[in-house]
Every structure is written in C-alpha cells, then in structure tokens.
Amino acid sequence: MSKFSKKNNSVHRLVSSGLIALLGIVLVGKSVEGISKSLGVEVAQEQEASSDGAIRLQAEKLTQEGLQLFKQGTAESLKQALNKWEKALELWRKVGDKE
C-alpha cells in the first residue's frame, strides 16, 4: 500500500467515524427532544385532570348544598338552593359534564 493510500484510508476512517458520531448525536438529540415533549404533554394532561377533578368536587359540593337547602322548603332556602345549583351548573359545564 502506498503512503498516499494509507493517508487516504486514515482520512476516510476519520471522516466515517466523525459522521457516525454526528449522526448518533443528532438521533439522540431528537429522541431526548421527543421524550421531553412527550413528558410535557403528560404533565399538562395530569394538571388538567387534577384541575377537572377539583372543579368536579366543587360542583358536587354545591349540588349537595343546594339539595340540603331545597329540603328546608322555605322561600329563602329555595332561593339559596337555586343560587348554589346555578354555580354548580357553571362548573359542570366547564368540565364538559352534561349529565
């Protein structure tokens, strides 16, 4: 093998190794970016779910309070019950509960 061939072969291996390393870095970077975006979506969904859960609890509480006031049967308690149920209805709509 000539001196030129050895140098050329060494350069070729060096370039190939560099390209493989660069490709690896790019692929790993894309994977990490994808994982990061995926985790961000999951965290946002969990926050939304816990927020919906808190809203549902508040709506249920208002619904039950309204029912207790309704059972009292006085004019004032009926007005208060209606007020509680209207607030509960807003919350149920906010979380998309049509029942």
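Which side chain makes a polar contact with the side chain of Thr74? The partner is Ser77, and the two side chains approach to 2.9 Å. This report on a predicted model starts from that contact and then turns to the chain as a whole, its nonpolar core, its aromatic pair and its salt bridges.

## Thr74 and Ser77

Thr74 sits in the loop between helix 1 and helix 2, while Ser77 belongs to helix 2. The contact thus joins a loop residue to a helix residue. The two partners differ in exposure class: Thr74 has a relative accessible area of 39% and is partly exposed, whereas Ser77, at 1% relative accessibility, is buried. Ser77 counts as buried because its value of 1% falls under the 20% limit for that class.

The side chain of Ser77 has a further polar neighbour: one of its polar atoms lies 3.0 Å from the backbone oxygen of Leu69. Leu69 also appears among the residues that Ser77 touches once neighbours within four places in sequence are set aside; the others are Phe70 and Gln72. Ser77 therefore combines a relative accessibility of 1% with a side-chain polar contact to Thr74 and a polar atom placed 3.0 Å from the backbone oxygen of Leu69.

## The chain as a whole

The chain contains two helices and zero strands. Helix 1 covers 3-72 and helix 2 covers 75-94. Of the 99 residues, 11% count as buried. The accessible surface comes to about 8,200 Å², and carbon and sulfur atoms hold 62% of this area. Among contacts with a separation of 6 or more, 50% are between residues 24 or more positions apart.

## Nonpolar core

The largest nonpolar core has seven residues: Ile55, Ala59, Leu62, Ala88, Leu91, Trp92 and Val95. Helix 1 and helix 2 are the elements that each give two or more residues to this core. Ala88, one of the core residues, is in contact with Ala59, Leu62 and Thr63 when its neighbours within four places in sequence are left aside. Of these partners, Ala59 and Leu62 are themselves listed in the core.

## Aromatic pair

How many aromatic pairs does a search of the whole structure find? There is one. Phe70 and Trp85 form this pair, with ring centres 5.7 Å apart and an angle of 45° between the planes, which is a tilted arrangement. The pair links distant parts of the chain, since Phe70 lies in helix 1 and Trp85 in helix 2, 15 residues apart. Phe70 is partly exposed at 44% relative accessibility, and Trp85 is partly exposed at 30%. Phe70 is also one of the residues in contact with Ser77.

## Salt bridges

Side chains of opposite charge can pair when their charged atoms come close. The structure holds three salt bridges, listed below with the distance from N to O.

| Pair | Distance |
|---|---|
| Arg56 and Asp97 | 3.0 Å |
| Glu65 and Lys61 | 3.9 Å |
| Glu65 and Lys84 | 2.8 Å |

The salt bridge of Arg56 and Asp97 links distant parts of the chain: Arg56 is in helix 1 and Asp97 in the segment after helix 2, 41 residues apart. Arg56 has a relative accessible area of 33% and is partly exposed. Asp97, at 25% relative accessibility, is also partly exposed.

Glu65 takes part in a salt bridge with Lys61 and in another with Lys84, so that Lys61, Glu65 and Lys84 are linked in a network of salt bridges. Where do Glu65 and Lys61 lie? Both are in helix 1, four residues apart, about one turn of the helix. The salt bridge of Glu65 with Lys84 instead links distant parts of the chain, with Glu65 in helix 1 and Lys84 in helix 2, 19 residues apart.

The members of this network are partly exposed: Glu65 at 26% relative accessibility, Lys61 at 47% and Lys84 at 26%. For Glu65, the class follows because its value of 26% lies between the limits of 20% and 50%.

Terms used:
Residues numbered from 1 in each chain as written. Predicted model: local features only at pLDDT ≥ 70, side-chain atom pairs only at ≥ 80, totals over all residues. Heavy atoms only, no water. Core = buried A, V, L, I, M, F, W, Y, C linked by side-chain atoms within 4.5 Å. Buried < 20%, exposed > 50% of the residue type's maximum accessible area, 1.4 Å probe, protein only. Contact = heavy atoms within 4.5 Å. Polar contact = N/O pair within 3.5 Å; in protein donor to acceptor, adjacent residues only side chain to side chain. Phe/Tyr/Trp six-rings, centres within 6.5 Å; stacked < 30°, edge-to-face > 60°. Areas by Shrake-Rupley, 256 points an atom, 1.4 Å probe, with all protein chains shown as cover. Salt bridge = Lys/Arg side-chain N within 4 Å of Asp/Glu carboxyl O.
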